[in-house]
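These are my notebook entries on one structure. I looked up its sheets, the helices that pack on them, and the surroundings of its ligand.

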Amino acid sequence: MPVRATKRGTERTPLNRDCDVLICGASFAGLAVARELARTGAEVMVIDRYEIGERQTSACGIPTRWLEVLGLNAALQQTFGELVIHTPHVTVRCQLPWTFSTFDYRTLCALLAEQGDFTFETATVNRRDGDSVLTDRGEIHAPLVVDALGWRRVLGAGEPIQPPEAYLSRGLEVHPHGSGDDLEVWVDRSYVPAGYGWSFPAAEEVRVGVGSFEPRFHVKQPTVRLAEDLEREPVRYQGNWIPHRIREATESGVFFVGDSAGHCLPLTAEGIRTALYFGIAAGRELRAVLDGTQTRPAALAAYGAFSAAHRGKFEWMLRSQRLVPRVPPRILAPALRAIGTRSFVAWIFGHYLRIAPPEFALRSG
Ligand SMILES: Cc1cc2nc3c(=O)[nH]c(=O)nc-3n(C[C@H](O)[C@H](O)[C@H](O)COP(=O)(O)OP(=O)(O)OC[C@H]3O[C@@H](n4cnc5c(N)ncnc54)[C@H](O)[C@@H]3O)c2cc1C
């Protein structure tokens with residue numbers, strides 16, 4: 001269970017501490033790392049600029065099995081057995097070999113945090129200086145540091161690469177009240193030349209958005225248009241940059257997990273289960289250091305190699321991301337019809353799930 005030590009606003013006190021593990025970022029990646037460090041007896045601190053679960057960072061869609069294996073079912077909102085793909089020329093309903101669910105961000109973060117055992121503080125991370133992390137409230141010193149801060153990779157060495165030059169996509173969605181039965185995507189250049197639109201129903205709201213693989217393309221107007229075309233109100237915006245290229249998962253003694261390591265899958269922009277998956281992997285290596293069965297350099301090397309072993313699959317998806325927008329819409333329609341067959345969908349989605357399989361969470365360290 002996380003322990004909350006300090007208040008917000010004017011009651012914020014200076015924060016100068018030592019701890020065994022400092023996890024920067026309390027979303028999917030950071031909380032997954034913390035979960036693996038429960039019952040080690042180590043002093044684990046998690047920091048984030050917001051309260052846990054305060055700011056939703058995605059449309060919150062995930063393969064249902066990932067919620068099950070992590071004991072997060074109470075956050076589940078809606079489950080889908082089909083993916084409906086719309087193009088200007090055809091609509092294809094793909095029967096998925098596994099189900100996909102939407103969940104409530106705040107509930108999921110709270111449940112994940114309960115499985116950990118750490119002190120939580122709100123603080124904004126500015127940079128790193130040796131083994132110290134400098135925040136707006138002071139300096140925290142830890143021999144083991146995790147950057148789970150998202151695409152900015154705040155603790156990376158050197159100047160951060162800013163969009164639009166960086167390997168980033170951009171995504172924006174609205175969250176109108178309402179309901180729906182289908183998990184839908186639009187591959188339609190009238191909304192976005194390279195990217196896709198989506199509608200993810202989640203109990204009493206529908207998350208409608210547009211993502212562009214080309215960071216220079218602005219997605220606000222297409223998001224509004226898609227919402228209006230679906231007769232949904234364009235209200236309650238949520239958006240961010242989405243990394244679409246895997247990066248080194250360790251650097252200068254820091255473990256990078258989730259978006260900070262580019263662990264979001266290109267083409268689909270699915271980054272939640274990968275953040276959980278790589279978070280668990282990093283957590284296991286850190287746990288071995290705390291148990292005294294592994295050194296810090298060995299943990300960094302093992303986690304770095306684990307992440308790098310996935311590079312081929314991420315690069316393959318990036319090539320597909322670059323290829324799909326070049327396929328003429330007239331060819332896309334028959335291609336989609338052909339791949340819409342049950343056996344092909346089962347094959348391709350089976351491979352896709354195995355990039356970050358839920359069963360990984362059940363294996364012991
Ligand atoms: C519009 C949109 C919709 C998406 N929908 C989906 C989806 O349905 N399914 C899916 O799998 N993926 C989706 N994604 C991608 C997914 O959101 C990310 O890949 C995922 O959130 C990565 O998790 P993370 O924990 O690495 O980073 P994040 O979830 O981005 O968390 C980073 C955390 O760090 C904190 N932080 C950042 N900077 C600082 C700082 N300087 N100091 C302190 N704290 C800081 C933030 O407050 C946040 O809590 C979507 C992305 C977007 C933009």
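I began with a definition: two strands pair if DSSP finds at least two bridges between them. Helices (H or I, at least four residues) and strands (E, at least two) are DSSP runs, numbered from the N terminus. I noted that the model is predicted, that local features need pLDDT of at least 70 and side-chain atom pairs pLDDT 80 or more, and that totals for chains, interfaces and linings use all residues. Residues are numbered from 1 along each chain as its sequence is written, and side-chain values use heavy atoms, without hydrogens and water.

Entry 1, the sheet of 8 strands.
I looked up β13 and β17 and found that they run antiparallel, joined by 7 bridges. Within this pair, Val174 has Tyr237 of β17 as its bridge partner. I then traced the open sheet, which has mixed pairing and the order β5-β7-β6-β14-β15-β16-β13-β17. β5 (61-63) and β17 are at the edges with a single partner strand each, so one side of each has no neighbour in the sheet. From one strand to the next, the twist averages 30°.

Entry 2, helices on this sheet.
I took contact to mean heavy atoms within 4.5 Å. Angles run from 0 to 180 degrees between N-to-C directions, and axes are lines fitted to C-alpha atoms, for helices over the stretch in contact. Helix α4 (residues 220-229) lies across five strands named here: β13, β14, β15, β16 and β17; it runs at about 140° to β16. Helix α9 (residues 342-353) touches β5, β6 and β7, and its direction makes about 35° with that of β7.

Entry 3, the sheet of 4 strands.
I found a second open sheet, also mixed in pairing, in the order β2-β11-β10-β9. β2 (17-18) and β9 (125-129) are its edge strands, each pairing on one side only. Strands β10 and β11 pair in the antiparallel sense over 4 bridges; Val133 has Ile140 of β11 as its bridge partner.

Entry 4, the ligand.
Which residues come nearest to the ligand? Of the 35 residues around it (a heavy atom within 4 Å), I listed Ser27, Asp48, Thr57, Val125 and Asp259 as the nearest. A side-chain N or O atom of Asp259 is 2.8 Å from a ligand oxygen atom. A backbone N or O atom of Ala29 lies 2.9 Å from an oxygen atom of the ligand.

Methods: A polar contact is a pair of N or O atoms within 3.5 Å; within protein, one must be able to donate a hydrogen and the other to accept it, and residues adjacent in sequence count only if both atoms are side-chain atoms.
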